[in-house]
Amino acid sequence: AALAKFPSASRTGQAVQTGSELAAFWRTAKALPRISPWLGIGLDVHELWTATKASFSAELEAVPDEAVRALHIHHRHRMPTPQDPIPWPLVFSRQFTLLRGFAIKPDVRHRSEVEGTIQFCEQQLSAQRAAEETAV
């Protein structure tokens, strides 16, 4: 049997835009035991923020940790910065960043921004780990 094509997820104007909708998608996907082990969400953080803005924190929280296999990291397809309106520390505090096989995709348009995006992610993850160690 052919698999149905799922709509684009977490893209402005698409069928699945919010964290709540991504959670509903995940519940449906998990009900498909023949393919669910290979499914996951590549979360475009900027697109989720664009679609939800004021409710971003709650919508991010609604996305199940085990569903997220990758993050697309950018701000308007440019290198992210701490000054962005996206609350990056909140994103990197999520437990999906600890999962084995988790990937980060620097989704920037210019090759010259890839390294800086990777460094930004490393700094965010290091800061989060340090905060967790301090809390223990």
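Colleague: How confident is the predictor in this chain, going by the mean pLDDT?

Modeller: The mean pLDDT is 87. Of the residues, 90% reach 70 or more. Bear in mind that this is a predicted model.

Colleague: Which named element has the lowest confidence, and which the highest?

Modeller: Strand β3, residues 103-106, is lowest at a mean of 91. Helix α3, residues 56-62, is highest at 97. Residues 1-9 are another matter, with pLDDT below 50. Beyond near neighbours in sequence, that stretch has ten contacts in the model.

Colleague: What elements make up the chain, and in what order do they run?

Modeller: There are five helices and three strands. From the N terminus the order is α-β-α-α-β-α-β-α.

Colleague: What makes the three strands an open sheet with parallel pairing?

Modeller: Count the bridges. Strands pair if there are at least two bridges between them. β1, residues 41-44, has four bridges to β2, and the two run parallel. β2 and β3 also pair in the parallel sense, over four bridges. Both counts pass the cut-off, so both pairs qualify. The strand order is β1-β2-β3.

Colleague: Why are β1 and β3 called edge strands?

Modeller: Each has a single partner strand, so one side of each is left without a neighbour in the sheet. Neighbouring strands are turned by 25° against each other on average, direction ignored.

Colleague: Which residues could I look up to see the pairing?

Modeller: Try I41, whose bridge partner in β2 is V68. Then try L71, which stands opposite I104 in β3.

Colleague: What makes β2 "mostly covered"?

Modeller: Five of its six residues are buried. Across the 136 residues of the chain, 40% count as buried. As for helix packing, α5, residues 114-135, lies across β2 and β3. This helix runs at about 140° to β3.

Colleague: Where does H74 sit, and why is this residue called buried?

Modeller: H74 is in the loop between β2 (68-73) and α4 (88-92). The relative accessible area of H74 is 0%. Buried means under 20%, so H74 qualifies.

Colleague: What does the side chain of H74 reach?

Modeller: Two backbone nitrogens. That of R76 is at 3.5 Å. That of H77 is at 2.8 Å.

Colleague: Which residues does H74 contact, leaving aside neighbours within four places in sequence?

Modeller: D44, H46, P80, I86, W88, D107 and V108.

Colleague: How many salt bridges are there in the whole structure, and what makes K30 and E66 one of them?

Modeller: The search finds five. K30 and E66 have N and O atoms at 4.0 Å. The cut-off is within 4 Å, so the pair counts. K30 is in helix α1, residues 19-30, and E66 is in the loop between α3 and β2. They are 36 residues apart.

Colleague: Are K30 and E66 buried, exposed or in between?

Modeller: K30 is at 47% relative accessibility and E66 has a relative accessible area of 40%. Partly exposed lies between 20% and 50%, so both residues fall in that class.

Colleague: Why does the contact of E113 with R78 count as a salt bridge?

Modeller: The closest N and O atoms are 2.5 Å apart. That is within 4 Å, so the pair passes. E113 lies in the loop between β3 and α5, R78 in the loop between β2 and α4, so the bridge ties together parts 35 residues apart in sequence.

Colleague: Which class does each residue fall in, E113 and R78?

Modeller: E113 has a relative accessible area of 10%. That is under 20%, so E113 is buried. R78 is at 43%, which makes R78 partly exposed.

Colleague: What do the side chains of D107 and K105 form?

Modeller: They meet in a salt bridge, 3.6 Å from N to O. D107 is buried at 11%. K105 is partly exposed at 39%.

Colleague: How much of the contact set joins residues at least 24 apart in sequence?

Modeller: The share is 72%, among contacts between residues at least 6 apart.

How values were computed. Residues are numbered from 1 along each chain as its sequence is written. This is a predicted model: local features need pLDDT of at least 70, side-chain atom pairs count only at pLDDT 80 or more; totals for chains, interfaces and linings use all residues. Side-chain values use heavy atoms; hydrogens and water are left out. Buried means under 20% relative accessible area, exposed over 50%, partly exposed in between (1.4 Å probe, protein chains only). A polar contact is a pair of N or O atoms within 3.5 Å; within protein, one must be able to donate a hydrogen and the other to accept it, and residues adjacent in sequence count only if both atoms are side-chain atoms. Contact means heavy atoms within 4.5 Å. pLDDT is the predictor's confidence in each residue, from 0 to 100. Axes are lines fitted to C-alpha atoms, for helices over the stretch in contact, and angles run from 0 to 180 degrees between N-to-C directions.
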